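Here's a quick briefing to go with the model you're about to open. Have the viewer handy and follow along.

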Amino acid sequence: MKNTYLSELYLYLKKQNVTKEDVSKVLEDYDLLYEEAKDAGLTHNQIVERLGTPESIYKGLKGDLNHTDKGLNKLTAISPFVALVIFFLIGNLVPGGYQYSWMAFLLIPIVAILINVEGLNKFVALMPFLSIITFMLVGFTTDLWHPMWLVFLSIPMVAITLNVSAKDGKFVALSPFVVTITYILISYFNQSFFAYGYALYALVPLLAIFTHKLTTSRVLTALLIILAVIAHQVLFHLTTYGQNAYLVYLVPVAFGILTNQIKISVNDLDVWKKHPMLAFSILLVIMAYGLVVLFFPESIAWSWVILLLIPMMSIYVTNKFKYLVAYTPFIALAAFILLGNFVPGAWQYAWTFFLLIPVTAILTNNETFKKSDE
């Protein structure tokens, strides 16, 4: 509750353009005052009543606080009008310009981020908008909606690069995205690679294994993964069992589970013991995915979205629908892939499903704060 109170105070002071130094000082003082009141036996509501709301605190301290140059914030205020002018200029002066001149309105959040977001977080916040602009411009000018959608992977990649240290596994965290980009690009120029090139994903667990302390079980797992890749390629290229070659990867997975290297857990609890229905549901999802690929081999381009049900079910077990935004990345990704694959020419607007993530976060933000206070 204290963190929520101080967070609201922080946001209010930032909104009033109070300097960073003064904001830190006020928060430090009120952190101490909150703790003193708590030690005196006051409840959260009594403490808030004694210390005051963010608005009343600001009014009381306003004369002693320093404020940043409001000129920069004026740029944020006028950005909608500048965007509107650009929108109509491009739309009227450039043939067919209205189909992409709407991107001028992205100038509004971009300016706000440049002015108000500090440090490396500025780049993380900018990436969704830069990705949309890049995707749309390249798509409209070259019609390469696929594989240009890969530009959206830059959003988590930039966040990981800037916020995760090498010690904490930065390269392992980045590897799935790098492999995905490599796999999709090679498949785009060589379509047959799509059917067997997913063996590249074996590099992810191998990298994870060899960047940690090696043990006998880990070395054996790595060996089984390598043998599975070899068996996969042999089965695909030299036999008639190519469509089912992916089954060889069940061997290292099974070994990983038996040696406790692969754990299916929810909040560090053994899912098999604490949540047997979830474990059973996960097995059903995996079986359903296997059956779909087995009977409809051509579905491999999109059927993997079935596996997105697994993390969504795990979220439901731990939080139910308390944080709706937690579900949105999986829903948006599934909608994006399915629409892009089944509706001709849909890649150019299927990306809009990703806007579901920030929209849900904004709409449920106040509700989350209320639940936290309770």
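What follows is a short tour by topic, from the overall build to a few local details.

Keep in mind that this is a predicted model. It's a mostly helical affair on the element list, with 21 helices and 2 strands. The protein runs to 374 residues, of which 31% count as buried.

**Overall build**

- Taken along the principal axes, the C-alpha atoms fill a box of roughly 80 × 65 × 35 Å.
- The protein exposes about 22300 Å², and carbon and sulfur atoms supply 68% of that area.
- Looking at contacts with a separation of 6 or more, 55% come from residues 24 or more positions apart.

**Nonpolar cores**

- In general, nonpolar side chains in soluble globular proteins tend to be buried together.
- Here the largest nonpolar core has 40 residues, and the members touching the most others are Phe135, Met136, Trp149, Phe152, Phe336 and Trp351.
- Quite a list of helices gives two or more residues to this core, including H7 (107-116), H8 (121-142), H10 (154-163) and H11 (170-189). Further along the chain, H17 (276-295) and H19 (328-342) are also among them.
- A second core lies apart from that one; it has 16 residues, among them Val23, Tyr34, Ile57 and Tyr58.
- Back to Trp149: leaving aside neighbours within four places in sequence, Trp149 is in contact with Phe135, Ile184, Phe336 and Trp347.

**Salt bridges**

- How many salt bridges does a search of the whole structure find? The count is 3.
- Lys2 is the one to click on, sitting in helix H1 (residues 2-15). Not counting residues up to four places away in sequence, Lys2 touches Asp31, Tyr34 and Glu35.
- One bridge joins Lys2 to Asp31, with the closest N and O atoms 2.9 Å apart. Lys2 is in helix H1 and Asp31 in helix H2 (residues 20-39), so this pair ties together parts that are 29 residues apart in sequence.
- The Lys2 side chain also meets that of Glu35 in a salt bridge, again given as 2.9 Å from N to O. Glu35 lies in helix H2 and Lys2 in helix H1, so here the parts tied together are 33 residues apart in sequence.
- Put together, Lys2, Asp31 and Glu35 are linked in a network of salt bridges.
- Are the two acidic partners buried or exposed? Asp31 is partly exposed, with a relative accessible area of 28%, and Glu35 is partly exposed too, at 29%.
- The remaining pair to look up is Lys59 and Glu55, whose side chains meet at 3.3 Å, N to O. Both are in helix H4 (residues 54-61), and being 4 residues apart, they are separated by about one helical turn.
- Lys59 is exposed, with a relative accessible area of 58%, whereas Glu55 is partly exposed at 39%.

**A nonpolar patch on the surface**

- Leu220, Leu223, Ile226, Leu227, Ile230, Val234 and Leu238 make a nonpolar surface patch of about 640 Å².
- Take Leu227 as a sample member: Leu227 lies in helix H14 (residues 216-238) and is partly exposed, with a relative accessible area of 45%.

**Backbone details worth a look**

- Which peptide bond is cis, with omega near 15 degrees? That would be the one from His146 to Pro147. Pro147 is found in helix H9 (residues 145-148).
- Asp143 has a phi near 65 degrees, a positive value in a residue other than glycine.
- You'll find Asp143 in the loop between H8 and H9, where Asp143 is exposed, with a relative accessible area of 56%.

**A pair apart in sequence**

- Val317 and Leu278 are 39 residues apart in sequence, while their C-alpha atoms are 7.7 Å apart in space.
- Val317 belongs to helix H18 (residues 309-319). At 21% relative accessibility, Val317 counts as partly exposed, because the cut-off for buried is under 20%.

Methods. Residues are numbered from 1 along each chain as its sequence is written. This is a predicted model: local features need pLDDT of at least 70, side-chain atom pairs count only at pLDDT 80 or more; totals for chains, interfaces and linings use all residues. Side-chain values use heavy atoms; hydrogens and water are left out. Contact means heavy atoms within 4.5 Å. A nonpolar core is a set of buried Ala, Val, Leu, Ile, Met, Phe, Trp, Tyr and Cys residues joined through side-chain atoms within 4.5 Å. Buried means under 20% relative accessible area, exposed over 50%, partly exposed in between (1.4 Å probe, protein chains only). Patches are made of residues with over 30% relative accessible area and no salt bridge: like charges are joined within 9 Å, nonpolar side chains (Val, Leu, Ile, Met, Phe, Trp, Tyr) within 5 Å. Accessible areas come from the Shrake-Rupley method with a 1.4 Å probe; for residues, only the protein chains shown count as cover. A salt bridge is a side-chain nitrogen of Lys or Arg within 4 Å of a carboxyl oxygen of Asp or Glu.
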